[in-house]
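Thanks for passing this one along; here are my notes, in numbered points. Please have the model open while you read.

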Amino acid sequence: VQLQASGGGLVQAGGSLRLSCAATGNVFSSHVMAWFRQAPGKEREFVAAIRWGGERTYYTDSIKGRFTIARDTAKKGVTLQMNSLTPDDTAIYYCVRGNGLSYDQRGYNHWGQGTQVTVSS
C-alpha cells in the first residue's frame with residue numbers, strides 16, 4: 001500500500017487549503033484513514049479520521065468546525081478541507097491508514113510522505 005498526499009502550500013491566515021490523499025491497493029470497510037500533522041519542534045499529533053465503512057468522522061478539538069475529512073472513493077483515499085487557517089496550523093500533514101481507529105500514530109501502519117502546510121500571519 002502506498003499513500004500519496006498532495007495539496008499543501010502557503011496560505012495567509014483565514015484562508016483555505018484542501019489536502020488530498022490517494023492510495024494504492026485494496027481498501028476495506030474496516031479501514032480507517034486519518035491525517036496527522038507535525039509542527040516544527042512539536043510531536044506529531046492526530047488531526048482527523050474517517051471510517052471507510054460508514055464514514056463516521058473524528059476530529060481533534062483544535063480543528064473542529066474548521067476542517068472536514070471526507071472519503072475520496074475514486075482515489076481510495078481521503079481529503080481534508082481546511083478553512084479559517086491560522087499560523088498554528090502550520091505543519092507537515094501526513095495521510096495514514098490503519099485497521100482501526102486510533103488517536104495515536106502507532107495505530108497506523110501505512111503512511112504517506114507528508115505535505116507541507118504553511119500559514120502566514
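1. First, the vocabulary: helices (H or I, at least four residues) and strands (E, at least two) are DSSP runs, numbered from the N terminus. On that basis the chain reads β-β-β-β-β-β-β-β-β-β-β along its sequence, with zero helices and eleven strands.

2. A word on provenance. This is a predicted model, in which local features need pLDDT of at least 70 and side-chain atom pairs count only at pLDDT 80 or more, while totals for chains, interfaces and linings use all residues. Residues are numbered from 1 along each chain as its sequence is written, and side-chain values use heavy atoms, with hydrogens and water left out.

3. Overall dimensions. The radius of gyration, taken over C-alpha atoms, is 13 Å, close to the 14 Å that the globule rule (2.2 Å times the number of residues to the power 0.38) gives for 121 residues, so the chain is as compact as a globular protein of that length. Along the principal axes, the C-alpha atoms fill a box of roughly 40 × 25 × 25 Å. Of the 121 residues, 43% count as buried, meaning under 20% relative accessible area (exposed is over 50%, partly exposed in between; 1.4 Å probe, protein chains only).

4. The four-stranded sheet. Strands count as paired if DSSP finds at least two bridges between them. One open sheet runs E1-E3-E8-E7 with antiparallel pairing. E1 (3–6) and E7 (67–72) are its edges, each with a single partner strand, so one side of each has no neighbour in the sheet. Four bridges join E1 to E3 (residues 17–23) in the antiparallel sense; Gln4, for instance, has Ala22 in E3 as its bridge partner.

5. The disulfide. How many disulfides does the structure hold? There is one, counting a pair of cysteine sulfur atoms within 2.5 Å. It joins Cys21 and Cys95, with the sulfur atoms 2.0 Å apart. Cys21 lies in E3 and Cys95 in E9 (residues 91–98), so the pair ties together parts 74 residues apart in sequence. The torsion about the S-S bond of Cys21 and Cys95 is about -75°, so this disulfide is left-handed. Both Cys21 and Cys95 are buried.

6. Worth a look: Arg66. This residue sits in the loop between E6 (57–59) and E7. Is Arg66 buried or exposed? Arg66 is buried, at 17% relative accessible area. Its side chain reaches the backbone oxygen of Ser84 at 2.9 Å, a polar contact (a pair of N or O atoms within 3.5 Å; within protein, one must be able to donate a hydrogen and the other to accept it, and residues adjacent in sequence count only if both atoms are side-chain atoms).
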